[in-house]
Amino acid sequence: MDMKVLLISVLLGFVSHVRSKSDTNICISANAKTCGECIQIEPQCAWCKDPGFKHSRCDDRDSLEKVGCTPLGIENPRGTVTIDKNKPVTNRKVDGGQNLRPDEITQIQPQKLTLNLRSGESQKFTLKFKRAEDYPIDLYFLMDLSDMQTNLENVKNLGTKLAREMQHITKDLRIGFGSFLEKPFNPVTPTYQKNPCFPNNCTAPFSYINVLNLTDDTALFTQEVSKQKTSGNLDSPKARFQAVMQAAVCTEVIGWRNVTRLLVFSTDAGFHFAGDGKLGGIVRPNDGKCHLENNMYTMSNYFDYPSISQLVDTLSDNNIQTIFAVTQQFRDLYQELSAQIPKSAVGTLSTSSSDVIKLIIDAYNSLSSEVILENSRLPEGVSISYISHCKNGVSEKGENGRKCSNISIGDEVMFDIEITAKGCPSKGKSQTLKIKPLGFSEEVEIVLNFICECECHKEGIPNSPECSDGNGTLECGACRCNEGRLGRFCECSRDEFLTDDPDANCRMDMGTDICSNNGECVCGMCECKKRDNPEERYSGKFCECDNFNCDRSNNRLCGGHGRCECRKCICDPNYTGSACDCSLDTSTCMASNKQICNGRGICVCGMCRCTDSKFQGPTCEICPTCPGVCTVHKDCVQCRAFGSGDKKDTCEKECTNFDLIMVKKKEELPPPNEQPYINHCKERDANDYWFFFTYATRNDNTVVVHVAEELEP
């Protein structure tokens with residue numbers, strides 16, 4: 001038991017020996033030389049510009065005020081959010097609502113903000129998105145004309161029916177039509193395909209033709225599509241990506257408005273992508289630009305097919321939502337492609353034009369029911385996070401915080417956005433960030449201004465006499481040294497140092513911190529920082545020592561029994577240990593018989609460590625497994641004191657190993673604290689009466705027994 005007590009004591013001591021790591025003040029330890037450097041350390045760091053200020057100028061506001069910096073002398077710029085344009089989202093109903101131009105409809109609010117960002121200090125704002133009622137739609141039908149006669153017939157009858165069926169979604173629908181086949185110079189069989197349907201006649205192959213610009217004239221749509229003929233192709237995959245690319249980037253030719261843009265792509269085959277052109281000797285990467293002359297793509301034999309990633313970026317940049325209307329055979333292929341293209345959907349073609357209309361409407365509803373926010377590229381050192389607040393109280397963070405699903409027309413959702421800068425991004429130059437919902441033309445413009453300097457920076461005095469006779473600019477109360485000058489007051493010249501690194505003499509070893517991060521290198525010598533507590537000090541050539549970072553015991557430095565020198569305890573006499581918590585005084589281990597630990601152990605740090613495993617207790621006096629002293633001596637005490645008991649006939653032979661002293665009452669027995677150590681006993685005799693005695697061992701190992709004459713029933 002005594003070992004367990006000792007272990008607990010040691011563990012408690014170990015816990016209390018935690019090294020006193022001074023509350024590291026990041027503002028001070030960063031050793032900022034200017035106000036601008038200070039405010040970039042952490043948001044809580046402020047700068048004192050008072051002239052003649054003796055303490056560290058960079059610290060938290062409360063600490064600066066405590067050591068005498070005036071409130072007006074503290075530079076502590078904070079970030080801000082300013083809403084520059086805040087047009088409310090459009091709130092109207094289709095029936096009875098006023099007619100609005102597309103540019104008069106607002107679905108996201110606010111539209112422009114300015115953020116002043118200080119390093120490490122987040123700025124937050126909220127965006128509102130609302131799906132507008134009766135929002136205009138531009139729908140461009142891009143069709144594969146190779147052997148798709150049935151689907152072509154369906155599309156011919158599509159215009160009027162589609163406009164009628166979409167009346168409940170929008171009254172402002174424009175539709176256009178384009179078609180594609182394959183590069184005339186076939187990449188698999190490199191020959192010019194004048195008549196791929198030979199011996200029958202059909203349209204000569206082409207990559208892409210814009211047949212009809214976007215228009216609200218459904219009769220014209222029917223008329224122009226009716227003129228189209230199907231054609232053939234020597235290989236199954238088509239120039240689909242080239243057609244989609246041109247339809248997306250030729251904004252003025254196609255007639256795209258800044259409204260909902262839908263591209264319905266219909267085919268019964270796969271597709272070519274970047275690299276396939278090499279089979280026909282075409283190796284130039286697709287440039288992603290518009291190359292339509294007389295509505296026909298003219299560079300099919302000059303540029304390779306676009307890559308998938310190129311197509312994804314182009315569709316996103318142009319706010320185009322894609323609907324792949326494909327045959328069942330190729331549904332899985334386009335499903336995989338759709339997974340890589342945000343705001344795209346896949347539907348299966350059938351033989352009925354009504355089914356095509358249903359496919360388009362279902363796909364549109366699916367696409368428009370989800371809003372996904374994306375942002376332009378962030379400047380280095382700037383981060384952004386989103387929290388969405390969607391329908392039915394659903395909120396998400398992380399990547400899911402960018403989107404809300406199951407949004408109906410007229411629904412409002414909110415996004416909390418947090419932007420943080422670290423350091424001074426873009427060298428302090430303003431940057432513009434844009435956030436927009438995928439597939440929508442509206443966007444939020446956010447101007448980012450970076451707080452890299454304090455206001456007092458503008459009031460600097462160049463070549464100030466305060467800075468070693470004009471060798472620096474007096475700025476915010478401190479000297480900003482001219483090129484080639486060093487020191488707190490620019491009193492040193494870089495030419496005085498033998499190395500290119502003037503701080504080399506202030507490092508203990510290569511790779512270590514300047515002045516152990518506890519001081520400032522001034523002209524090649526360490527000046528150690530001062531502590532708020534004047535009793536605490538850094539010292540040493542490299543400020544590597546201090547008198548407050550030693551081990552502690554009972555929350556006292558060096559246990560209160562020593563002094564801290566260079567992070568090591570120097571203990572007072574009679575104390576040892578890393579925290580001076582181990583006493584060499586043995587008086588606390590002295591037993592009542594004047595023996596150390598009753599002769600059954602050793603004294604360690606003022607506590608008995610019992611070497612005989614049977615014993616325990618503060619002085620190894622307890623033996624839980626030993627027979628009781630009282631029980632062992634009961635019969636001999638009874639026979640000698642009262643002439644009774646089991647040993648009354650053999651008493652003189654067996655019971656002569658102790659001195660007997662009789663007293664009248666039990667109250668007259670020696671008290672427990674009297675020396676030597678005494679066992680107090682209470683036993684029953686043969687007549688069932690209690691008798692009382694004490695048993696003690698003297699220093700000379702003789703035993704004395706005191707017995708009370710009075711018995712108790």
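This is a guided tour of a predicted model, stop by stop, with something to select at each one.

**Stop 1: strand β8**

Start by selecting residues 137-144, which make up β8. Is this strand buried or exposed? Eight of its eight residues are buried, so β8 is largely enclosed by the rest of the structure. Turn on the side chains and look along the strand: I137, L139, F141 and M143 point one way, while D138, Y140, L142 and D144 point the other way. Both sets are buried, the two Asp residues included.

Now bring in the neighbours. Add β9 (173-180), which pairs with β8 in the parallel sense over eight bridges. To see the register, pick I137 and its bridge partner in β9, L173. Then add β11, residues 260-267; seven bridges join β11 to β8, and these two strands also run parallel. Here the residues to click are L142 and its partner F265. Keep F265 selected, as we will come back to it.

**Stop 2: the nonpolar cores**

Which residues have the most contacts inside the largest nonpolar core? Select L139, F141, L162, F177 and I360; the core as a whole has 32 residues. Colour by element next: β8, β9, β10 (209-215), α7 (218-226), β11, β14 (320-326) and α12 (353-368) each give two or more residues to this core. The largest share comes from α12, with eight residues.

Apart from this core lies another one, of 31 residues. To find it, select A243, I254, F265 and I341, which are among its members.

**Stop 3: aromatic pairs**

The model has eleven aromatic pairs. For one of them, show F129 and F440: the ring centres are 5.3 Å apart and the planes sit at 70°, and since over 60 degrees counts as edge-to-face, that is what this pair is. Why is it worth tracing the chain between them? F129 lies in strand β7 (residues 123-130) and F440 in the loop between β21 and β22, so the pair ties together parts that are 311 residues apart in sequence. Both rings belong to buried residues: F129 has a relative accessible area of 1%, and F440 comes in at 6%.

Back to F265, now with Y334. This pair is tilted, at 6.1 Å centre to centre and 40° between the planes. F265 is in β11 and Y334 in helix α11 (residues 331-340), so to speak two distant parts of the chain, 69 residues apart. Both residues are buried. Add F180 and F324 to the selection, and you have one aromatic cluster of F180, F265, F324 and Y334.

**Stop 4: lysines over rings**

Jump along the chain to K666 and F692. The charged end of K666 sits over the ring of F692, 4.8 Å from its centre. Then show K682 and W690: K682 lies over the face of W690, at 4.7 Å from the ring centre.

**Stop 5: the six-stranded sheet**

Switch to cartoon view and select β4, β6, β22, β21, β16 and β19, in that order across an open sheet with mixed pairing. The edge strands are β4 (80-85) and β19, each pairing on one side only.

Zoom in on β16 (residues 371-375), where four of the five residues are buried. On one side, two bridges join β16 to β19 (residues 403-404), and the strands run antiparallel; V371 has C404 as its bridge partner. β16 also pairs with β21 (residues 431-437), again antiparallel, over three bridges. For that register, click L373 opposite P437 and N375 opposite I435.

**Stop 6: helix α13**

Finish at residues 629-642, helix α13. How far does this helix reach from its first C-alpha to its last? The answer is 19 Å for 14 residues, close to the 20 Å expected at 1.5 Å a residue. Look along the axis, though, and centre on D635: α13 bends there by about 40°. For the covered part of the helix, select C630, H633, C636, V637, Q638 and C639, which are buried. An α-helix has 3.6 residues a turn, so residues three or four places apart point the same way.

Definitions and conventions
Residues numbered from 1 in each chain as written. Predicted model: local features only at pLDDT ≥ 70, side-chain atom pairs only at ≥ 80, totals over all residues. Heavy atoms only, no water. Buried < 20%, exposed > 50% of the residue type's maximum accessible area, 1.4 Å probe, protein only. Pairing = 2+ DSSP bridges. Phe/Tyr/Trp six-rings, centres within 6.5 Å; stacked < 30°, edge-to-face > 60°. Lys NZ or Arg CZ within 6 Å of the ring centre and 35° of its normal. Core = buried A, V, L, I, M, F, W, Y, C linked by side-chain atoms within 4.5 Å. Expected span 1.5 Å × (residues − 1). Bend = angle between axes of the 7 residues up to and from the residue.
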